[in-house]
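The following exercises concern strand pairing and nonpolar cores. Each task is followed by a solution in steps.

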Amino acid sequence: MSETPTHRVKTPLIALTRLLRPKVVLELGPYNGRDSVAISEHCEKLLCVEGRAENVAATRKSLAEHRGRVARFCVSHEEISVYLGNFARHLEQLDLIWASGMLYHFADPVAVIQVLGKVCQRHRCPVIGWTHLAERADAELSEHLGRWYDEDPAGSLLSSIGNARSFWLTPASFEACFVAAGFSNFAFLNAPEPSKNGGLAAYF
């Protein structure tokens, strides 16, 4: 089976996670938990937060089937307040945020990056991940260039939750957002690589 652009870009991210040797990792949007299993090989505690019940179940199944001594939790965003007592103590220390394939599903990724910046500054931790980028700019959001992307039909496990369109930033705007959010270092681990849905980039 040939390796997809997404798989090619994830490989160095997993390798980077291993090199960083984080103890506590927060993973946003684990989807089916395959990345979660790989991440859990290189940390002591892993918390996954997912938006869909189906994906929460899939991630929990993946983690349960993987043998290991890592303290692992997966909750939906609705369950955070309910489960907070169970895992809040694990987030007193946060060494890494993993945001794999999620930023391009937001109608306002600029605001999301700003929140990531505040969390990372508080914990002095990096964020790594991959996202699709706009190969052309025909729109503007908060003074940042990009284009609007039509999400898959509602109910698709690969679509956004709550918005029919998402805003994809250009590589330059994407980097500018991270710098504006207070990240002192930013780097594309791979040059933006075309895929059927547009440019693809890993970032750190």
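**Exercise 1. Determine which residue of S4 stands opposite Leu26, and describe how S1 is placed among its neighbours.**

Leu26 stands opposite Ile97 in S4. The model is predicted: local features need pLDDT of at least 70 and side-chain atom pairs count only at pLDDT 80 or more, whereas totals for chains, interfaces and linings use all residues. Residues are numbered from 1 along each chain as its sequence is written, and side-chain values use heavy atoms, with hydrogens and water left out.

Step 1. Helices (H or I, at least four residues) and strands (E, at least two) are DSSP runs, numbered from the N terminus. Two strands pair if DSSP finds at least two bridges between them. S1 and strand S4 (residues 96–100) run parallel and are joined by four bridges.

Step 2. Strand S2 (residues 45–50) is also parallel to S1, with five bridges joining the two. Here Val25 stands opposite Leu46.

Step 3. Buried means under 20% relative accessible area, exposed over 50%, and partly exposed in between (1.4 Å probe, protein chains only). Five of the five residues of S1 (residues 24–28) are buried, so the strand is largely enclosed by the rest of the structure. Val24, Leu26 and Leu28 cover one side, and Val25 and Glu27 the other.

**Exercise 2. Identify the residues that touch the most other members of the largest nonpolar core, and the element that supplies its largest share.**

Step 1. A nonpolar core is a set of buried Ala, Val, Leu, Ile, Met, Phe, Trp, Tyr and Cys residues joined through side-chain atoms within 4.5 Å. The largest one has 28 residues, of which Ile97, Leu103, Ile113, Val127, Phe174 and Phe178 touch the most other members.

Step 2. Elements that each supply at least two residues of this core include S1, S2, S4 and helix H5 (109–123). The largest share, five residues, comes from H5.

Step 3. Another core, of 18 residues, lies apart from it; Leu96, Trp98, Ile128 and Trp130 are among them.

**Exercise 3. Give the strand order of the open three-stranded sheet and state which strands stand at its edges.**

Step 1. The order is S6-S7-S8, with antiparallel pairing.

Step 2. S6 and S8 stand at the edges with a single partner strand each, so one side of each is left without a neighbour in the sheet.

Step 3. S6 pairs with strand S7 (residues 144–150) over three bridges, and Ala139 stands opposite Gly146 in S7.
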